[in-house]
Amino acid sequence: MESPLSKRYIAPMAIGQSPFGNRRLPPRHFRRIPVRTLAPNLVTLLALCAGLTGIRMAFENRYGLALAAIVFAAFLDGIDGRLARLLKGTSKFGAELDSLSDFVNFGVAPGLILYFWGLHDLKSAGWIAAMAFAICAGLRLARFNVMSADPDRPAWAANFFVGVPAPAGAIIVLLPIYAAFLGLPRSAFLTWVTLAYTLAIAALMVSRLPVFSGKRIGTRVPPEMVGPVIILLVLFVAMLIAYPWIILTIGTLCYLASLPFGWLSYRSYEERARQGKAAEAPATAASQPNGANRLQLTDDEERPPRLN
């Protein structure tokens with residue numbers, strides 16, 4: 001037997017009518033999503049799959065494949081944003097998805113790989129270091145999302161990151177594993193060095209250290225340089241495949257050595273901006289009305305003349 005509630009609410013909705021009146025329910029409209037918006041998100045999801053696969057490879061003690069998955073995820077992270085801007089497919093959803101994917105790929109995955117590789121020998125201390133790295137990566141990404149929407153940030157500041165970015169942090173924090181693959185003997189000393197090094201990289205990610213962003217590199221290539229650039233990229237990929245641990249070690253050391261130069265360049269930009277503001281101040285004062293920049297008179301000049 002049909003209940004009064006079913007007659008009042010469910011039956012009208014079944015035939016497309018509103019249960020609160022005689023008006024029909026409005027039809028549902030599904031907006032089609034353009035492919036140019038889906039393509040960058042698919043690249044981000046592929047990077048997330050690579051990061052999760054790296055965690056699985058670490059579980060199975062296949063650290064070579066685990067590191068390859070993290071490097072591949074970093075490569076995909078470098079092109080998904082450029083692809084979105086190229087296709088004009090940027091979206092709020094894509095930005096949030098990219099941030100969450102970066103936390104897994106460059107925070108959780110490297111921390112777990114280091115823990116399963118050697119930090120587990122230090123028990124709780126090693127686990128704390130792995131957690132600290134993942135947490136600092138999350139904080140770094142959250143700060144980046146907030147600062148990117150700052151309207152008062154000067155234009156030249158786009159050349160720099162505040163702190164080491166998460167993808168670079170994930171690549172350089174794995175340096176002890178690169179060294180082990182190059183023949184450095186595993187020992188308790190290396191494990192403790194790995195713990196201190198992991199905490200140091202985590203601190204660099206959440207620090208205020210200005211770091212070159214490289215976002216404006218490669219946006220325009222002169223026609224005569226297209227061939228050489230392609231050849232260099234092919235050679236780099238070939239060298240990375242043939243000698244991965246040597247290339248990653250050299251790249252990590254070069255990146256760490258470049259950090260002081262980024263700080264010096266940022267200070268130079270700040271000094272030039274400060275000098276530019278100081279030079280604009282007199283011009284702004286001169287353009288004000290005469291009453292605003294009237295010279296102060298002395299007591300004798302302000303006193304009216306005495307009548308004899």
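# Exercises on Helix Packing

Asp80 touches Pro40, Val43, Thr44 and Asp98, when residues up to four places away in sequence are not counted. Asp80 itself lies in helix α3, which spans residues 63-87. The structure is a predicted model, and the exercises below use values computed from it.

## Exercise 1: The chain as a whole

Task. State how many helices and strands the protein chain has, and in what order its elements run.

Solution. Step one is the count: the secondary structure comes to 11 helices and 2 strands. Step two is the order, which from the N terminus on reads α-α-α-α-α-β-α-α-α-β-α-α-α. Step three adds two figures for the chain. Of its 308 residues, 32% count as buried. Among contacts with a separation of 6 or more, residues 24 or more positions apart account for 78%.

## Exercise 2: Asp80

Task. Decide whether Asp80 is buried or exposed.

Solution. The relative accessible area of Asp80 is 5%. The cut-off for a buried residue is under 20%. Asp80 is therefore buried, its value of 5% being under that cut-off.

## Exercise 3: Helices α4 and α5

Task. Describe how helix α4 (residues 92-117) and α5 are oriented to each other, and which residues meet.

Solution. Begin with the geometry: the two axes come within 9 Å and cross at roughly 165°. Angles over 145 degrees count as roughly antiparallel, so α4 is roughly antiparallel to α5. The handedness of this crossing is right-handed.

Next come the residues. From α4, the contact involves Ser99, Asp102, Phe103, Phe106, Gly107, Val108, Pro110, Gly111, Leu112 and Tyr115. They meet Gly126, Trp127, Ala130, Phe133, Ala134, Ala137, Gly138, Leu141 and Asn145 in α5. By class, the residues of this contact divide into 12 nonpolar, 6 polar and 1 charged.

## Exercise 4: Helices α5 and α8

Task. Determine the orientation of helix α5 (residues 124-147) with respect to helix α8 (residues 188-206), and describe their contact.

Solution. The axes come within 8 Å and cross at roughly 15°. Since angles under 35 degrees count as roughly parallel, α5 is roughly parallel to α8. The crossing of these helices is left-handed.

On the α5 side, the contact is made by Ala125, Gly126, Ala129, Ala132, Phe133, Cys136, Ala137, Leu139, Arg140 and Arg143. On the α8 side, Leu195, Thr198, Leu199, Ile201, Ala202, Met205 and Val206 take part. Sorted by class, the contact has 13 nonpolar, 2 polar and 2 charged residues.

A further step looks at α8 itself. Its 19 residues reach 28 Å from the first C-alpha to the last, close to the 27 Å expected at 1.5 Å a residue. The buried residues of α8 are Leu190, Thr191, Thr194, Leu195, Tyr197, Thr198, Ile201, Ala202 and Met205.

## Exercise 5: Helices α5 and α6

Task. Describe the packing of α5 against α6, and explain why α6 is largely enclosed by the rest of the structure.

Solution. The axes of α5 and α6 are 10 Å apart, and the helices pack at an angle of about 160°. This angle makes α5 roughly antiparallel to α6, and the crossing is right-handed. Phe133, Arg140 and Leu141 of α5 make the contact with Ala166, Gly169, Ala170 and Val173 of α6. The contact comprises 5 nonpolar, 1 polar and 1 charged residues.

For the second part, consider burial. In helix α6 (residues 166-173), 8 of the 8 residues are buried, so the helix is largely enclosed by the rest of the structure. Its buried residues are Ala166, Pro167, Ala168, Gly169, Ala170, Ile171, Ile172 and Val173.

## Exercise 6: Leu256 and Ala180

Task. Locate Leu256 and Ala180, and name the residues that each contacts beyond its neighbours within four places in sequence.

Solution. Leu256 has its place in helix α10 (residues 244-286). With a relative accessible area of 24%, Leu256 is partly exposed. Leaving aside sequence neighbours within four places, Leu256 is in contact with Ile172, Tyr197 and Ile201. Leu256 and Ile201 are 55 residues apart in sequence, and their C-alpha atoms are 10.0 Å apart in space.

Ala180 is found in helix α7 (residues 175-181). Residues up to four places away again set aside, Ala180 touches Trp117 and Arg186. The C-alpha atoms of Ala180 and Leu190 are separated by 9.2 Å, with the two residues 10 apart along the chain.

Technical notes: Residues numbered from 1 in each chain as written. Predicted model: local features only at pLDDT ≥ 70, side-chain atom pairs only at ≥ 80, totals over all residues. Heavy atoms only, no water. Axes fitted to C-alpha atoms, helices over the stretch in contact; angles between N-to-C directions. Parallel < 35°, antiparallel > 145°, perpendicular 65-115°, else oblique. Left-handed = near helix turned anticlockwise from the far one by under 90°. Contact = heavy atoms within 4.5 Å. Nonpolar A, V, L, I, M, F, W, Y, C, P; charged D, E, K, R; others polar. Expected span 1.5 Å × (residues − 1). Buried < 20%, exposed > 50% of the residue type's maximum accessible area, 1.4 Å probe, protein only.
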